[in-house]
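Reader: I would like to learn how to read pockets and strands in a protein model. Could you take me through them step by step?

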Amino acid sequence: MNNDYLAKSLAFGGEIRIYAARTTELVNEANKIVAAYPTAAAAVGRTLTATVMMGGMLKGRETVTVRINGGGPIGLIIADANAHGKVRGYASNPRVHFQYDSGKLNVGMAVGTAGDLYVTKDLGLKDYFTGQVPLQTGEIGDDFTYYFTQSEQTPSAVGLGVLVSPENEVIAAGGFIIQVMPNAGEEAITTLEKSLSIIKPVSEMIADGMTPEDMIKELVGEGNFKILETMPLAFECNCNKEKFISGLTSLGNVELDEMIKEDDGAEAVCHFCMKKYQFTAEELEALKK
Ligand code: ZN
């Protein structure tokens, strides 16, 4: 059963916006597709969680794509989400695992910091927003905090957490994005700073059975917020054969002929969901110019 959802809320009479999400099932699904090692599963899970919450800030047919390329052994992490709670993502090398001495997963080591966090929002009608910031710690949550503050000029705090069992099962995943509105007063900010300094890690809160609303309550206190909307979240890939055809048409006749002669066709694999698409020699022949 899928219990993943996003809660959107306003706190302190609209001075603070908080999005909180439980993403355990969708992160587990992304993890199962590629059988990632725990640290890679956490890195991708944190990215999926932030991306799906950013999708929740969009409307209609708008989409958001996040790319993280820190030069670490995990390679490129890519995730995209729409405005309706659907997200997908993967890392180019999911077989990466590092731990701190404490046993905590060392996501920063896997991701690296020699690179950037890129955000592209497709706002429709060929209107794009792009933002880019250098990675701060590669722990992903800190990097999104820096992104919102620098690139979107919104003072923010982002908490992301994924708990993975030694058997590579995602036990708990979730996160929150807190955004300080320009009209925010001293009291709201002080309350938030105080709760952020004592709050438990997100993965622990989710593992303890806390809901997104419970996390918001932990952050701002009972009675200080109202929930505007909740939205179910899920891992979903929207790939189809048509999209791969456009990739194949970019190949020249020589390459297409090679596939026809040597392989009697071609097979394309979607990196997001591992679905395979077969192309017969006849289909490839039809793509020749
Ligand atoms: Zn796919």
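**Pockets and a hairpin**

Author: The model is predicted, and its largest pocket has a volume of about 640 Å³. Of the 28 residues that line this pocket, R46, K104, L160, P201 and S203 are the closest to its centre. The elements that give two or more residues to this lining are α2 (38–55), α4 (141–150), β8 (156–164) and α6 (202–207).

Reader: How is such empty space found, and which element gives the most to the lining of the largest pocket?

Author: Rolling a probe the size of a water molecule over the atoms shows where empty space is left. In this model, β8 gives the most to the lining of the largest pocket, with seven residues, and by class that lining divides into 13 nonpolar, nine polar and six charged residues.

Reader: What lies in the lining of the second largest pocket, by class?

Author: The second largest pocket holds about 180 Å³ of space, and its lining has two nonpolar, four polar and four charged residues, among them D80, K86, R88 and E236. At least two lining residues come from each of β3 (63–69), β4 (76–82) and β5 (86–91).

Reader: Which side chains of strand β13 are buried, and which are not?

Author: In a regular strand the side chains alternate between the two faces of the sheet. Along β13 (residues 276–280), Y277 and F279 point to one face and are buried, while K276, Q278 and T280 point to the other and are not. Strand β12 (residues 265–269) pairs with β13 in the antiparallel sense over five bridges, with G265 opposite T280. The two strands form a hairpin with six residues between them, and M274 in the turn has a positive phi of about 70°.

Key:
Residues numbered from 1 in each chain as written. Predicted model: local features only at pLDDT ≥ 70, side-chain atom pairs only at ≥ 80, totals over all residues. Heavy atoms only, no water. 1 Å grid on protein atoms, 1.4 Å probe; cavity = no way out; pocket = protein on both sides within 12 Å on 5 of 7 lines; lining within 4 Å. Points joined across faces, edges and corners; volume = space filled by probe spheres on them. Helix = DSSP H or I, 4+ residues; strand = E, 2+ residues; numbered from the N terminus. Nonpolar A, V, L, I, M, F, W, Y, C, P; charged D, E, K, R; others polar. Buried < 20%, exposed > 50% of the residue type's maximum accessible area, 1.4 Å probe, protein only. Pairing = 2+ DSSP bridges.
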